[in-house]
Amino acid sequence: MKIVISAGPTREFIDPIRFISNSSSGQMGYAVAAEALRRGHEVVLVSGPVAIKAPEGAVLIPVVSAADMAEAVKREFAAADCCIMSAAVADYRPAKILDHKMKKSPGNMVIELERTEDILKALGEVKRPGQLLVGFAAESENLLENAAGKLARKNLDWIVANNISDGFAKTTNACILLGRNGEKIPFSTRPKTELAAALLDAIGI
Ligand code: CTP
């Protein structure tokens, strides 16, 4: 199979040197990419800025912003069998990117943010029969309810429900895999490398 995997955070620039981002390490997506390669799949890894090395054999497409990631993922998904969106994509970006470094002035400041595109939702709208779409849901409350909502709203086949109330960029994780046919498969805490293999086993790829 040709599998597109997104990983890591995105950066949404405010001015030439400042950005809004999140603490995603990319470890989960990179572990899924390594495991998919081990199983003989062709892997395209669309990655935001991370400090880890891409697994050997992956076609790495480095991106910075949510808009860059949307462009690359949508293009690659057109000829792919599966997309696994593990990236922590920014939901908002500054409405304007300043050309020059912002200067401080007395008092508070407000930055106006606008929505970014929901990449996964866009993929769910163009998904063809036979294409598999897998999302992640990072939740700190109402884990199953929120994840099930995203599974349905974004027309996914599977969603990995992650409880992130004790952090994000960890090397281990526990999660629950929800399927479009009502599957509900829990995975106890384990290294993300082992979790990647267990998730691909459960999804059947
Ligand atoms: N995602 C995406 N494009 C975005 C935001 C999120 O493709 N602009 C994908 C993520 O890669 C993940 C899934 O959507 O696979 C769920 O993301 P999450 O941030 O948990 O949920 P949201 O849909 O953004 O909803 P909310 O912020 O309300 O929790």
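In this predicted model, the packing of two helices offers a starting point: Gln 27, Met 28, Ala 31, Val 32, Glu 35 and Ala 36 of H1 are in contact with Lys 192, Thr 193, Leu 195, Ala 196, Ala 197, Leu 199 and Leu 200 of H5. Sorted by class, the residues in this contact of H1 with H5 comprise nine nonpolar, two polar and two charged.

Two packed helices are described by the angle between their axes and by the distance between those axes. For helix H1, which covers residues 27-38, and helix H5, which covers residues 192-203, the axes come within 8 Å and cross at roughly 55 degrees. That angle is why H1 counts as oblique to H5, and the crossing in which H1 passes H5 is right-handed.

A second pair of helices can be read in the same terms. Helix H2, residues 66-77, and H3 have axes that come within 10 Å and cross at roughly 25 degrees. Because angles under 35 degrees count as roughly parallel, H2 and H3 are therefore roughly parallel to each other. H2, too, passes H3 in a right-handed crossing. On the H2 side the contact is made by Ala 66, Met 69, Ala 70, Val 73, Lys 74 and Phe 77, which meet Ile 119, Ala 122 and Leu 123 on the H3 side. By class, the contact of H2 with H3 consists of eight nonpolar residues, no polar ones and one charged residue.

From the helices we turn to empty space. Rolling a probe the size of a water molecule over the atoms shows where such space is left. The structure holds one cavity of 30 Å³ or more, and the largest cavity contains about 40 Å³ of space. Its lining is formed by Val 32, Ile 84, Val 134, Phe 136, Val 160, Leu 199, Leu 200 and Ile 203. Val 32, Leu 199 and Leu 200 are also among the residues through which H1 and H5 meet. The largest share of this lining, three residues, comes from H5, while strand E9, residues 132-139, and H5 each supply at least two residues. The lining of the largest cavity divides into eight nonpolar residues, with no polar and no charged ones.

The open pockets come next. The largest pocket has a volume of about 870 Å³, and it is lined by 39 residues, of which Ala 87, Ala 88, Val 89, Phe 136 and Ala 138 lie nearest its centre. The elements that contribute two or more residues to the lining of the largest pocket are H1, helix H3 (119-126), E9 and helix H4 (143-153). Phe 136 also belongs to the lining of the largest cavity. By class, the lining of the largest pocket is made up of 16 nonpolar, 13 polar and ten charged residues.

The second largest pocket has a volume of about 150 Å³. Lining the second largest pocket are Ile 14, Pro 94, Ala 95, Lys 96, Leu 98, Met 102, Met 109, Val 110, Ile 111 and Glu 112, and these residues divide into eight nonpolar, no polar and two charged.

Technical notes:
Residues numbered from 1 in each chain as written. Predicted model: local features only at pLDDT ≥ 70, side-chain atom pairs only at ≥ 80, totals over all residues. Heavy atoms only, no water. Axes fitted to C-alpha atoms, helices over the stretch in contact; angles between N-to-C directions. Helix = DSSP H or I, 4+ residues; strand = E, 2+ residues; numbered from the N terminus. Parallel < 35°, antiparallel > 145°, perpendicular 65-115°, else oblique. Left-handed = near helix turned anticlockwise from the far one by under 90°. Contact = heavy atoms within 4.5 Å. Nonpolar A, V, L, I, M, F, W, Y, C, P; charged D, E, K, R; others polar. 1 Å grid on protein atoms, 1.4 Å probe; cavity = no way out; pocket = protein on both sides within 12 Å on 5 of 7 lines; lining within 4 Å. Points joined across faces, edges and corners; volume = space filled by probe spheres on them.
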